[in-house]
Amino acid sequence: MNNPLRIGFIGGGFITRFHIQSLVQVRDCVVAGVADMSMDAAESAAALAQSIGVGPEARAFESAEAIAADPEVDALWVCAPNHARIPVLEGIRDGAMNRAEPLKGICAEKPLARTLAEALEVQALGKEIGAPTGYLEDMLFAPSLVRGREVLWRRGAANAGRPYLARASEEHGGPHSAWFWKKETAGGGVLLDMMCHSIEAARWMLTEPGAPRDSLTPIEVSATCANLKWIQPKYSAQLSEKFGGEVDWAADPTEDFARATVKWRTEDGQILLTETSSSWSYVGAGLRHAFQLLGPEYSMEVDMADAGVQVFFSREVTGDAGEDLVEKQNAEQGQMPLIPDEPAHYGYSGENRHFVDAFLGRTESSLTFDDGVEVMRLLMAAYQSSAEGRTIDPSDPSLESYAPFS
Ligand SMILES: NC(=O)c1ccc[n+]([C@@H]2O[C@H](COP(=O)([O-])OP(=O)(O)OC[C@H]3O[C@@H](n4cnc5c(N)ncnc54)[C@H](O)[C@@H]3O)[C@@H](O)[C@H]2O)c1
């Protein structure tokens, strides 16, 4: 391996562990280290990178500033919770001032921040640091969607005309860390956490491969948020118990269900629609990721839980609860789907392959902080639509100061 990209992760939790596992399938990179406020988390993620051979010398760091200043680190993946985006980017900026060689790139996990105002600040910090940026939206690299979209556009759209409707939904039973359930740290509920995936995947499916983002203009957003499950006393008590009293959803909820319809206009005036829905109130075998792309003479369906393997365990088979079959697994008995290679299936391997290539200068980054800002604009329009019961024009500049929960 000649001059691999030496990656530093900031935040050593769930998603960083997924990224690290995906790097087994990515050439020309190595994990140089992991920074976390908790040294235990940083050390544990660095140990994972060592143990699977993607970071033989991975080290633990105590802060974003320290890892950004380290000459053995070339690029950073920002994977801390949503409320830490700005302090982490500020830490990177301060650390990077001490470098002889500039950083080769900075990626940030979805959502880009908690509000559009914050996302614009993250974008500005990215520009100030001056490194190429990446917005981590794994669904745009999921092999089933990449391949389905490519074939549909090449055979269907080329013959019969462009697709006009995209549907995307992502649902599970609720996130694993307390900070997701609190508006101060997460910025919102499932709309922010998961509709960022669905709304961007739906837009991308409808966009002609190779055409820029602004070939489609979002012109109207209408949305509904709701609290369906976790607001019920029995379930809010369960949440509170699970997180040691840290989460008081009954008194201070965000939302565990959201749906949005976005109307888009093409450059030649055709109107297209995306329909997205997200929930933390879904109970099934694990994650439910479903996508459809429809045009005048064709359609595509993707059900990501169907990876071609089902296993069955009778009631005589008991064991510990785990996530060894699928992410957000809800049961250990009965008919269960199995995803053989989750890091590849959900797009993390493809995503990281792309950003390693981009930061090594072999290709342009196809998703940057600018794209993360545009996703956030639609999410804020969706929150406002739900709160005010009306359709919102996402180009309205007042969204730049809209704060759904203040
Ligand atoms: N692409 C996806 O599908 C996907 C999936 C899960 C999470 N995410 C995103 O990744 C981010 C992290 O989520 P997670 O599930 O890994 O959370 P997590 O709770 O599992 O882990 C977060 C880690 O960040 C650390 N941390 C907190 N503040 C920090 C700071 N200022 N500097 C450094 N480390 C800090 C915590 O100690 C913890 O170890 C979130 O923004 C989330 O939306 C994306």
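## The nonpolar core

Let's start inside this predicted model. Its largest nonpolar core has 108 residues, and the members that touch the most others are Ile10, Leu76, Val78, Leu379 and Ala382. Helix H8, which covers residues 190-206, supplies the largest share of this core with twelve residues. The core also takes in at least three residues from domain 1 (5-137 + 350-365) and at least three from domain 2 (143-303). As a bit of background, nonpolar side chains tend to be buried together in soluble globular proteins.

Now pick out Leu76 and look at what surrounds it. Which residues is Leu76 in contact with, leaving aside its neighbours within four places in sequence? They are Gly8, Ile10, Ile67, Ala68, Ile92, Leu103 and Ile106. Ile10 turns up in that list, and Ile10 is also one of the residues that touch the most other core members.

## Strands side by side

Next, find strand E10, residues 271-279. Strand E7 (residues 165-171) pairs with E10 in the parallel sense, and seven bridges join the two. One spot to look for is Glu171, whose bridge partner in E10 is Ser279.

E10 also pairs with strand E9 (residues 257-266), but here the sense is antiparallel and there are nine bridges. Lys263 stands opposite Leu273 of E10. E9 and E10 form a hairpin with four residues between the strands, and Gly269 there has a positive phi near 90 degrees.

## Around the ligand

How many residues surround the ligand? The count is 26, and the closest are Gly11, Gly13, Phe14, Ala84 and Ser177. Two elements give two or more residues to this shell: helix H1 (14-22) and helix H4 (85-96). H1 gives the most, with three residues.

What kinds of residue make up the shell around the ligand? You'll find 14 nonpolar, seven polar and five charged ones.

## A lysine tucked into a loop

Last stop: Lys182, in the loop between E7 and helix H7 (183-186). Is Lys182 buried or exposed? Lys182 counts as buried because it has 21 C-beta neighbours inside 10 Å, and the cut-off for being buried is 20 or more.

Try tracing the chain from Lys182 to Pro253 as well. These two residues are 71 residues apart along the chain, yet their C-alpha atoms are separated by 7.4 Å.

Definitions and conventions: Residues numbered from 1 in each chain as written. Predicted model: local features only at pLDDT ≥ 70, side-chain atom pairs only at ≥ 80, totals over all residues. Core = buried A, V, L, I, M, F, W, Y, C linked by C-beta atoms within 7 Å. Buried ≥ 20, exposed ≤ 12 C-beta atoms within 10 Å, placed from the backbone. Domains from an automatic or database assignment. Contact = placed C-beta atoms within 7 Å. Pairing = 2+ DSSP bridges. Near = placed C-beta within 6 Å. Nonpolar A, V, L, I, M, F, W, Y, C, P; charged D, E, K, R; others polar.
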